[in-house]
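The following note sets out some points on the fold for a colleague's consideration. Please read each point with the structure in view.

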Amino acid sequence: MSSAISARTGRLREPASDVVVGVDPRRPSVPALFWAADEAARRGVRIRLVAVVQGGPHLIGDDLPGHSARRARAASALANAEGFVRELHPDLSPATELIDGPPVTVLRERAADAALLVLGARRPHRPADALAEGSVVPSLAAHADCPAVVVLTPEHTQIHPRTVAVVADDTPEGRAAVAFGVREAQLRRARLRAVRVLPPSASARGDDDAARRLLRECEQTWTQRHLGLDIVAEVLNGRPVEQLVLVSQSALALVVGRPPDVPGTADWLDPLIHGLLRHAECPVITVPTPLRADRPPAEPARGLLSPS
């Protein structure tokens, strides 16, 4: 696979490989470390643990002791995370980075050269918490240059059949999500469950039948292209977040495509993704649209959803 130019930095970069994990210096997420370590082992790639400390060496006076204490706490969190990963997968050799700066800026820069960015999250106590100004997880879930994995709860590995769920529709976001979901399902030897959610009023307009026909055609196309992959496609009726939360209760992960960044909307987050980050019962993977230049693109097939 050839090198590519980073759209954001303009510099030459090697093909993405690392699984990058944002380590919260205050309380590292054990489920996120589990998820990232397992994923790196499945892919046969390096895991990179990154802790970011707000501020930097330019601080003076009363700010210095506080910054030094934050760095010490972050260094301890990194060491613990590295030890945890090595215990889980002795063959992995984690790389660690302790960096001063704005967490969103630093982690997004690291994501530009990553295969995946993995973030731990806790459910917000108040609705406003999920979109609080400067909130690291929503910003990266919306704008990272690589797929971002937000781990609120562990995977449902005890539920069978093992299933990767994907939000599928005939849009660039849907195609990107399906392309990523196919690979995840193959890596995990799991079933791919492609879901489209329509409002109850869609049945009266005839949209429901049309969507079902489209997904059936797509299911046949995916099955032909990915022999041996168990694929099921279905249309659900109801409110999208509510229906997808139900789907997430029996999934290893839920994959959803996100629209391209729009200039001047740095803190904007798609309402569907916003709702899933608050309520999903499995890890949520947001996939950028379009797919990056160093990834195989989703090949269109006569207007149908088509994973590469």
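**Notes on the sheet and its helices**

1. In strand β10, A233 serves as the bridge partner of A194. The coordinates come from a predicted model, and the remarks below should be read accordingly. The strand that pairs with β10 is β9, residues 191-198; the two run in the parallel sense and are joined over seven bridges.

2. This pairing belongs to an open sheet of ten strands with mixed pairing, in the order β5-β4-β3-β6-β7-β12-β11-β8-β9-β10. The edges are formed by β5 (95-100) and β10 (231-237); each has a single partner strand, so one side of each is left without a neighbour in the sheet. From one strand to the next, the twist averages 25°.

3. What lies on either side of β6 in the sheet order? In that order, β6 stands between β3 and β7. Strand β3 (residues 18-22) pairs with β6 in the parallel sense over five bridges, and V21 has V118 of β6 as its bridge partner. Strand β7 (residues 148-151) also runs parallel to β6, joined to it by four bridges. Here V118 is matched with V149 of β7. V118 thus has a bridge partner in V21 and another in V149.

4. The burial of β6 may be noted alongside its pairing. This strand, residues 114-120, is mostly covered, with six of its seven residues buried.

5. Helix α8 (residues 240-248) lies across four strands, namely β8 (163-167), β9, β10 and β11 (253-257). Its direction makes an angle of about 160° with β9. Within α8, the buried residues are Q243, L244, V245, V247 and S248. These buried residues pack against β8, β9, β10 and β11, and also against helix α9 (271-279).

6. How do helices α1 and α5 pack? Helix α1 (residues 30-43) meets helix α5 (residues 172-188) at an angle of about 85°, and their axes are 10 Å apart. The two helices are therefore roughly perpendicular to each other, given that angles of 65 to 115 degrees count as such. On the α1 side the contact is made by W35, E39, R42 and R43, and on the α5 side by F180, R183, E184, L187 and R188. By class, this contact has three nonpolar and six charged residues, with no polar ones.

Conventions:
Residues are numbered from 1 along each chain as its sequence is written. This is a predicted model: local features need pLDDT of at least 70, side-chain atom pairs count only at pLDDT 80 or more; totals for chains, interfaces and linings use all residues. Side-chain values use heavy atoms; hydrogens and water are left out. Two strands pair if DSSP finds at least two bridges between them. Axes are lines fitted to C-alpha atoms, for helices over the stretch in contact, and angles run from 0 to 180 degrees between N-to-C directions. Contact means heavy atoms within 4.5 Å. Buried means under 20% relative accessible area, exposed over 50%, partly exposed in between (1.4 Å probe, protein chains only). Angles under 35 degrees count as roughly parallel, over 145 as roughly antiparallel, 65 to 115 as roughly perpendicular and the rest as oblique. Ala, Val, Leu, Ile, Met, Phe, Trp, Tyr, Cys and Pro count as nonpolar, Asp, Glu, Lys and Arg as charged, and the others, Gly among them, as polar.
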